[in-house]
Number of protein chains: 8
Amino acid sequence: MHYEEGAYRDLGWAKIDVGRPARTGTAEAVYAAGKTPEQVVEALAALRQAHPGRVAVATRCDAACEAAVLDALGDEVLVRAGVCAVGAFPEPESGPLAVVCAGTSDLPVAHEAEITALANGLDARLVADVGVAGLHRLLDKLPELREAVCVIVVAGMDGALPSVVAGLVSAPVIAVPTSVGYGAAFGGLAPLLTMLNSCSPGVTVVNIDNGFGAAMAAARILGAKAAR
Amino acid sequence: MHYEEGAYRDLGWAKIDVGRPARTGTAEAVYAAGKTPEQVVEALAALRQAHPGRVAVATRCDAACEAAVLDALGDEVLVRAGVCAVGAFPEPESGPLAVVCAGTSDLPVAHEAEITALANGLDARLVADVGVAGLHRLLDKLPELREAVCVIVVAGMDGALPSVVAGLVSAPVIAVPTSVGYGAAFGGLAPLLTMLNSCSPGVTVVNIDNGFGAAMAAARILGAKAAR
Amino acid sequence: MHYEEGAYRDLGWAKIDVGRPARTGTAEAVYAAGKTPEQVVEALAALRQAHPGRVAVATRCDAACEAAVLDALGDEVLVRAGVCAVGAFPEPESGPLAVVCAGTSDLPVAHEAEITALANGLDARLVADVGVAGLHRLLDKLPELREAVCVIVVAGMDGALPSVVAGLVSAPVIAVPTSVGYGAAFGGLAPLLTMLNSCSPGVTVVNIDNGFGAAMAAARILGAKAAR
Amino acid sequence: MHYEEGAYRDLGWAKIDVGRPARTGTAEAVYAAGKTPEQVVEALAALRQAHPGRVAVATRCDAACEAAVLDALGDEVLVRAGVCAVGAFPEPESGPLAVVCAGTSDLPVAHEAEITALANGLDARLVADVGVAGLHRLLDKLPELREAVCVIVVAGMDGALPSVVAGLVSAPVIAVPTSVGYGAAFGGLAPLLTMLNSCSPGVTVVNIDNGFGAAMAAARILGAKAAR
Amino acid sequence: MHYEEGAYRDLGWAKIDVGRPARTGTAEAVYAAGKTPEQVVEALAALRQAHPGRVAVATRCDAACEAAVLDALGDEVLVRAGVCAVGAFPEPESGPLAVVCAGTSDLPVAHEAEITALANGLDARLVADVGVAGLHRLLDKLPELREAVCVIVVAGMDGALPSVVAGLVSAPVIAVPTSVGYGAAFGGLAPLLTMLNSCSPGVTVVNIDNGFGAAMAAARILGAKAAR
Amino acid sequence: MHYEEGAYRDLGWAKIDVGRPARTGTAEAVYAAGKTPEQVVEALAALRQAHPGRVAVATRCDAACEAAVLDALGDEVLVRAGVCAVGAFPEPESGPLAVVCAGTSDLPVAHEAEITALANGLDARLVADVGVAGLHRLLDKLPELREAVCVIVVAGMDGALPSVVAGLVSAPVIAVPTSVGYGAAFGGLAPLLTMLNSCSPGVTVVNIDNGFGAAMAAARILGAKAAR
Amino acid sequence: MHYEEGAYRDLGWAKIDVGRPARTGTAEAVYAAGKTPEQVVEALAALRQAHPGRVAVATRCDAACEAAVLDALGDEVLVRAGVCAVGAFPEPESGPLAVVCAGTSDLPVAHEAEITALANGLDARLVADVGVAGLHRLLDKLPELREAVCVIVVAGMDGALPSVVAGLVSAPVIAVPTSVGYGAAFGGLAPLLTMLNSCSPGVTVVNIDNGFGAAMAAARILGAKAAR
Amino acid sequence: MHYEEGAYRDLGWAKIDVGRPARTGTAEAVYAAGKTPEQVVEALAALRQAHPGRVAVATRCDAACEAAVLDALGDEVLVRAGVCAVGAFPEPESGPLAVVCAGTSDLPVAHEAEITALANGLDARLVADVGVAGLHRLLDKLPELREAVCVIVVAGMDGALPSVVAGLVSAPVIAVPTSVGYGAAFGGLAPLLTMLNSCSPGVTVVNIDNGFGAAMAAARILGAKAAR
């Protein structure tokens with residue numbers, strides 16, 4: 001099935017943007033927060049029907065939403081870190097994408113990035129718990145980081161890891177601040193500001209806890225489109 | 001001349017990181033704010049000597065600093081938008097990089113990105129004054145935007161342009177908020193938050209007014225594309 | 001029944017401002033947050049008694065409050081999106097009022113605006129899910145938007161929609177930021193700032209999630225139009 | 001001269017949106033901040049040429065810019081409160097628009113609103129120095145306020161005036177916070193928040209010090225378009 | 001019983017400042033938040049024992065804490081608005097203290113002020129629901145306000161009421177912002193800033209929701225000390 | 001000369017509230033920031049004419065404004081700390097008002113309070129440089145502080161002094177945060193928050209650097225004391 | 001058992017930094033927030049195994065986590081204030097470390113500091129409830145404070161205590177702001193800013209509620225003293 | 001000369017706290033901002049007279065102030081980085097204090113720390129330009145860092161350096177955020193938050209740009225007092 005750029009499917013309460021792959025190379029995803037489980041299921045089903053060859057993804061699902069998706073669409077559903085991914089995952093076509101996280105408390109956000117990337121055909125590989133308080137853990141992983149053609153770095157608290165990583169590799173570095181921390185972390189504001197002010201040139205930043213957005217940026221960078 | 005990863009040249013008050021190209025693919029640049037004109041000249045000269053084949057770049061130069069650089073190193077100096085670039089610009093090797101700006105007041109930041117990109121061998125092409133208050137101006141430029149392999153979008157005030165652009169192209173979109181605006185723009189905070197919360201997936205963001213950083217991210221991305 | 005400008009009814013714990021229609025053209029509404037269900041019921045009943053020809057409205061009702069209102073006043077009660085409206089809705093007298101929302105998660109705020117507008121005799125018409133990530137959905141609705149004599153635009157996340165809409169229509173545009181989003185959306189601060197800094201001249205803004213206030217502003221505007 | 005909706009004139013560094021009147025009913029204005037005096041003059045001249053029957057307006061002009069405009073286009077130039085308006089002012093066609101300000105220090109912002117409104121054919125009438133610390137001054141002006149079909153209220157410091165005014169009139173109330181004040185006024189943040197939280201329903205708000213935007217909103221509300 | 005200025009009673013986990021009346025004229029109160037019900041009971045009992053002639057007060061009590069206090073000390077306990085007051089209330093000795101609140105949702109904070117004032121021997125008199133959206137309700141109460149020798153004004157949302165009141169009376173005006181409101185009220189920040197920037201000279205401000213503090217300031221102003 | 005409550009004198013650009021003494025007990029003052037020197041002179045002259053027996057006060061005067069006032073009204077003008085006071089100072093009638101400041105850098109704000117108080121007939125007495133880093137300096141002044149019937153405490157940086165003072169005296173304590181400090185003082189935000197959160201009950205707060213407002217509050221309080 | 005600086009134990013989801021003592025003198029601690037109880041138990045067990053002679057510590061444990069640790073490792077577990085400490089506490093080797101807190105509501109944070117310090121071999125001694133509202137309580141404890149070789153000061157609300165303490169002792173003062181307070185305390189921001197702006201030179205600050213961090217800083221300091 | 005703890009010298013406008021050395025081990029310093037050059041000279045002279053054996057220090061001096069100090073007290077004056085130090089510097093008695101800075105733009109703050117430390121008898125040693133973008137520069141200096149008994153780390157922008165340093169050394173680490181950077185650095189807020197949220201335990205933080213405070217904290221830590 002192929003849709004023109006300006007196509008969409010009108011569900012009444014929503015207009016599924018089925019022309020998005022033609023415009024941006026990736027399918028629309030469902031942001032589940034603020035939607036009923038029924039709405040999430042209906043939107044995922046519409047996406048699956050429109051793009052049978054793609055994995056349909058919903059993010060920020062709560063338990064009720066996950067249960068509804070599994071109940072309705074469960075044959076090919078993978079659920080992790082609040083993501084419901086419907087459809088068989090494609091063989092990765094890109095070079096390796098490293099998803100690095102500073103601490104174990106950052107793992108949920110890293111998983112959101114990892115699964116979104118896998119669903120979009122990227123070869124995501126997780127590198128966990130390599131925060132700057134023990135640099136040697138990071139330096140041990142340097143060969144893997146340098147092999148990657150794109151690096152997502154997930155960190156809360158001081159958010160210092162992307163600056164260090166970007167000083168060591170030449171690949172694009174996408175920084176994801178997390179809301180891990182307390183007090184003057186102010187819900188992720190602290191690492192967000194750290195990353196925006198990185199002293200290592202070329203770091204770019206996405207929203208707090210936005211593993212999904214980081215993976216979508218990686219998809220733009222690594223591109224699945226044949227045309228490139 | 002080639003340097004190992006860990007090489008640096010010690011000027012006493014500064015340690016020029018001449019090993020950076022071996023690690024990150026791009027040379028160190030000089031952040032002129034807070035430095036004396038003499039320091040900027042000395043650092044640029046050291047960079048030129050270390051990497052004769054690369055353009056040495058200083059950003060955020062004020063008039064006194066620009067004059068000092070022109071006086072000391074003026075044979076191959078280009079000065080624009082607070083950037084002093086020393087050395088002959090290379091032939092662009094990458095696919096086109098679009099540098100889009102929303103309003104004419106955003107031009108200085110766009111120029112910082114454009115010159116930095118050119119100095120790093122990217123084929124930067126400026127698209128000016130296509131803000132969302134008059135969408136047709138942007139839509140007229142859609143063919144150029146879609147031809148680009150990476151897009152930098154510079155916008156102040158509401159910062160809405162990157163969301164619209166990212167809904168229309170598949171290339172990576174790097175958003176640069178500017179401090180253009182007044183009142184509740186709070187020195188660029190407003191467009192920064194807009195861009196971090198973009199409803200178009202895959203937008204990444206750099207610091208306010210950081211045209212330099214956006215170009216360096218593009219250099220990482222376009223290098224990454226070559227490596228794919 | 002008619003009240004002078006300075007009339008009010010004293011309930012002891014509250015002073016119902018029954019003279020407000022004579023001063024401002026619209027009746028007082030009950031802000032239910034922080035009141036007991038009994039207080040909300042008593043205030044609504046007092047408003048109904050004072051202005052039998054008007055719909056009495058309470059906003060921000062929780063489930064217990066809604067139940068109490070339905071139980072006590074349920075003959076003519078409509079409950080939706082936290083609004084309890086008591087009384088038969090009037091025939092709309094104004095030209096069409098478009099209530100546009102960017103995403104489906106913004107619907108509750110849009111519904112608050114829609115119902116408040118209907119209760120005040122405006123011809124509110126909902127246009128859902130036309131965010132800027134897929135411009136064509138919005139452009140498809142352009143005829144409806146241009147027919148409207150006033151437009152309310154509800155958006156969370158980047159809050160970019162009002163700028164785009166205001167560049168396409170000549171009617172007044174009232175922007176409502178919502179608390180939809182996470183991380184650096186900071187509870188609606190991001191779209192609020194976006195809207196205050198709109199590059200399209202003539203956008204005005206109400207408080208975050210304040211669908212009620214937007215509808216009341218529309219009532220002032222459409223009344224003003226009648227008077228012109 | 002008539003332009004289609006999608007027309008614009010390309011100056012190279014700027015794209016004058018000459019189709020804007022066809023879309024929004026009002027002409028583009030020039031935001032002078034961040035532009036050179038030459039750019040402002042060129043843009044104003046282009047606007048005058050495109051729409052000879054309209055007043056061309058530039059806001060936020062500094063002294064150098066004002067001098068350049070007077071020098072180049074001075075036959076019909078009015079300069080006040082940082083606004084340069086080029087062209088003969090039209091006869092007002094709308095009902096009266098009250099521009100109310102709380103203190104004399106708010107006058108520059110009120111003047112920006114007043115002149116912009118007059119340039120757009122509105123019957124703007126200034127009511128100065130009626131802050132809530134002396135209510136009787138405001139109450140004395142109540143007949144004038146109630147005669148107005150739209151009210152712009154300009155206030156700094158506590159920003160309390162719009163709430164009081166909106167409790168007394170039925171016309172639309174557009175609130176403009178100013179940066180007048182010190183300390184915890186935080187550059188206008190205090191009155192901005194006050195106005196967004198007005199206890200009088202139906203107040204809408206524009207950016208801090210944005211007299212221009214308030215007038216443009218009034219133009220949308222009062223409409224000069226014959227078609228309405 | 002009389003204590004010297006430097007006296008205190010050491011409970012191990014707490015040091016009851018029994019010398020405070022000698023220094024400041026009022027007894028220490030118990031801030032219950034973050035304390036166990038047992039700690040609150042123990043502290044109240046110690047205060048009662050130290051100053052049998054005074055009412056012992058605990059603020060910010062939750063239901064469990066209130067129950068524990070009633071259970072342990074219930075003979076003379078009054079519980080309202082999170083305040084537990086132990087001991088017979090004294091005959092008021094001061095002139096009237098008006099406790100004015102803008103809306104009914106502000107009543108809990110007003111009650112905290114009222115009870116604290118009564119417990120300290122002040123003649124507190126509540127004036128409810130006189131917000132500025134309906135000025136006549138306030139003006140009707142002007143005689144009562146002018147009779148007061150001190151006025152506490154409690155308001156959320158726009159926080160405009162203290163400015164209006166202070167323009168009408170000569171007594172000291174203590175403004176109490178409340179966390180009533182939503183969105184850009186930011187938990188009471190909006191009315192706090194409003195009140196700090198009051199255009200009526202001589203308004204002073206206490207912390208958000210701090211009815212207790214306002215009453216204590218009134219006690220200082222009205223003074224129970226015979227020596228004055 | 002005596003004016004009714006609702007009297008004012010209309011200067012066209014300003015409405016001098018000459019009825020204010022009848023309502024609030026103190027005369028209007030001129031806030032010079034944002035006014036021309038000519039406007040300040042005209043307003044002061046009008047105030048002098050209206051209330052010959054009172055000192056007319058303008059605050060926040062810059063050098064040009066001070067010169068203009070001295071030139072036009074210099075016979076009885078006192079200029080200090082940005083205040084121009086016109087008229088012979090009355091004999092103090094109140095009990096002593098202590099104006100305490102933490103550091104010498106806070107002196108300008110303390111002087112603004114002192115002069116305003118003297119102009120309003122209060123017996124202001126300055127106690128300088130008694131910050132909490134050297135408690136003994138403060139304790140040495142305890143007799144003077146305890147003799148005062150009202151205490152104004154001016155402090156920047158940590159703003160800790162009012163809490164300490166209020167724990168030692170029974171008089172009303174009005175805290176004035178100053179913008180003295182750097183970095184995380186954020187222009188006075190730090191001491192403002194400190195003072196709003198004082199652990200000593202009964203401290204009230206005015207705006208940052210608002211010595212004028214503190215003195216006006218003291219005038220209300222000392223009037224109130226007289227009325228008790 | 002001894003580990004080299006660069007040693008770590010890889011648990012798959014975590015990399016226990018067993019080389020940290022060789023580098024920093026103290027062992028890694030487990031930050032339990034965002035981890036499952038199983039993960040906390042596994043990490044504590046790994047730490048115990050790696051460093052049998054040290055107490056393994058987890059902070060920010062909730063009830064479920066505490067139960068799991070007690071169940072799995074309970075022979076030598078001490079649980080208090082969200083800290084689980086596993087292993088026999090060493091004999092203190094340092095001079096006395098005073099842990100001072102302003103109010104009883106600050107006790108949990110003080111306990112976190114106290115236990116962490118004891119687990120690291122410091123001679124921690126608690127001084128409770130000596131806030132500045134009653135200075136004499138603090139002055140009574142001056143001998144104990146001056147005997148201490150390091151002082152941790154824990155305070156919420158106005159956060160004034162560290163400034164006063166640092167003016168009285170010569171030992172290092174580590175200030176810990178707490179989230180105790182309401183309204184404009186903004187979750188501990190108020191005392192944090194107070195402490196960063198202390199007028200007593202030499203105060204250093206850790207994150208809000210970070211008793212753990214304060215104790216670790218004390219461990220570095222008291223180690224440093226030993227080395228002197 | 002020796003002073004008791006409670007001694008001070010009263011200059012009228014200032015009270016020089018000459019008892020401070022007896023209480024805190026270090027002399028009072030003069031904060032020059034907001035003082036006249038004459039006041040700074042007078043205070044420095046008083047300090048010199050009181051403590052002839054100590055270096056008297058004024059910080060935040062502007063050019064006029066520096067000139068006045070040199071003119072009046074120039075025999076033994078050292079001026080650098082806004083610090084005027086009067087008196088012969090003592091022989092360092094402590095172990096080495098490393099003053100590390102991330103970038104050359106941070107040097108002025110590092111110099112303020114360095115000179116203050118030297119003036120207080122500490123053996124300060126500067127390590128410049130070792131930011132985390134080029135880790136090898138830092139790792140090369142590891143022996144010097146590990147030799148230090150206390151480390152001050154000065155950094156702007158992302159403020160990541162203290163976390164990395166604290167993971168490598170066991171000495172106390174005092175972090176100083178600087179206002180170097182732009183945009184979302186928000187005048188040093190970004191590195192301040194980074195440092196408060198350091199993932200390396202035991203980092204403490206002083207105010208933005210507060211090199212003086214960091215040195216005074218080091219003085220407390222390293223102690224010049226014989227008594228220890």
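Let's start with salt bridges, meaning a side-chain nitrogen of Lys or Arg within 4 Å of a carboxyl oxygen of Asp or Glu. Between chain A and chain B of this predicted model, the count is two. In one of them, Glu5(A) pairs with Arg146(B), with the closest N and O atoms 2.6 Å apart.

A quick word on the ground rules. Residues are numbered from 1 along each chain as its sequence is written, and chains are lettered from A in the order in which they are written. Local features need pLDDT of at least 70, side-chain atom pairs count only at pLDDT 80 or more, totals for chains, interfaces and linings use all residues, and side-chain values use heavy atoms, leaving out hydrogens and water.

How many residues of chain A are in contact with chain B? There are 36, facing 35 residues of chain B, where contact means heavy atoms within 4.5 Å. Together the two chains bury about 3,000 Å², 52% of it on carbon and sulfur atoms. That is accessible area (1.4 Å probe) lost on putting two parts together, summed over both.

Now look inside chain A. The domain assignment, which is automatic or from a database, gives domain 1 (9-86) and domain 2 (94-222). Their C-alpha centres lie 25 Å apart, and each domain brings 13 residues to the contact. Here the buried area is about 1,000 Å², with carbon and sulfur atoms giving 66%.

And salt bridges again: the count between these two domains is one. You can also find Arg60(A) and Glu112(A) on your screen, whose side chains meet in a salt bridge at 3.4 Å, N to O.
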